[in-house]
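Work through the exercises below with the model open beside you. Try each task before you read its solution.

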Amino acid sequence: QVKLVESGGGSVQPGGSQGLSCEASGTIFSINFMGWYRQAPGKQRELVAGTTASGRTNYADSVKGRFTISRDNAKNIITLQMNNLKPEDTAVYYCNLKTIDTTTYREFEYWGQGTQVTVSS
């Protein structure tokens, strides 16, 4: 059983900063990807930022230069530092983990419960 526990989130004014954290625990196979998605009301869930097993990071164009993802491999924790937040960043943010069993090559995907980020004056 794999569990993703998210922390952070809340309300912030435009231009402000906020951090999100996600810790994965349980029986975790080889991690392929760990990252953050978000879903705003009436919109599809979209990738915000992620990090692969090789350490490569990728970001949505809308957050490049403002958001930074980092990962503690030893503790299976990722953090998302969000700076210069804009109202359009308002959404529920979900932690995502993709793993693979290297003996069977079966892939697994897990989601956190989501945490609300609201950017408003």
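The chain holds 11 strands and 0 helices. Keep in mind that this is a predicted model.

**Exercise 1. The whole chain**

Task: Find out how the chain's radius of gyration compares with the globule rule.

Solution:
- Step 1. List the elements from the N terminus on. They read β-β-β-β-β-β-β-β-β-β-β.
- Step 2. Take the radius of gyration, which is 14 Å.
- Step 3. Set it against the rule. For 121 residues the globule rule gives 14 Å, and the chain's value is close to that, so the chain is as compact as a globular protein of that length.
- Step 4. Add the outline. Along the principal axes, the C-alpha atoms fill a box of roughly 50 × 25 × 25 Å.

**Exercise 2. Inside and outside**

Task: State what share of the residues is buried, and what share of the contacts joins residues at least 24 apart.

Solution:
- Step 1. Of the 121 residues, 41% are buried.
- Step 2. Turn to the surface. The chain exposes about 6600 Å², and 46% of that comes from carbon and sulfur atoms.
- Step 3. Take the contacts between residues at least 6 apart in sequence. Of these, 55% join residues at least 24 apart.

**Exercise 3. An open sheet**

Task: Which strands stand at the edges of the sheet, and why is one side of each left without a neighbour?

Solution:
- Step 1. Recall how sheets form. Strands pair through backbone hydrogen bonds, either parallel or antiparallel.
- Step 2. Write down the order. This open sheet of 4 strands runs E1-E3-E8-E7, with antiparallel pairing.
- Step 3. Look at the ends. E1 (2–8) and E7 (67–72) each have a single partner strand, so one side of each has no neighbour in the sheet.
- Step 4. Check the twist. On average, neighbouring strands of this sheet are turned by 15° against each other, direction ignored.
- Step 5. Zoom in on one pair. E7 and E8 (residues 77–82) run antiparallel and are joined by 6 bridges. Thr68 has Gln81 of E8 as its bridge partner.

**Exercise 4. One residue**

Task: Is Gln18 buried or exposed?

Solution:
- Step 1. Locate Gln18. It lies in strand E3, residues 18–26.
- Step 2. Read its relative accessibility: 11%.
- Step 3. Apply the cut-off. Buried means under 20%, so Gln18 counts as buried.
- Step 4. Name its contacts beyond four places in sequence. Among them are Gly9, Ser11, Leu80, Gln81, Met82 and Val117.
- Step 5. Compare a distant residue. Tyr105 is 87 residues from Gln18 along the chain, and their C-alpha atoms are 37 Å apart.

Notes:
Residues numbered from 1 in each chain as written. Predicted model: local features only at pLDDT ≥ 70, side-chain atom pairs only at ≥ 80, totals over all residues. Heavy atoms only, no water. Pairing = 2+ DSSP bridges. Helix = DSSP H or I, 4+ residues; strand = E, 2+ residues; numbered from the N terminus. Axes fitted to C-alpha atoms, helices over the stretch in contact; angles between N-to-C directions. Buried < 20%, exposed > 50% of the residue type's maximum accessible area, 1.4 Å probe, protein only. Contact = heavy atoms within 4.5 Å. Rg over C-alpha atoms; globule rule 2.2 N^0.38 Å. Areas by Shrake-Rupley, 256 points an atom, 1.4 Å probe, with all protein chains shown as cover.
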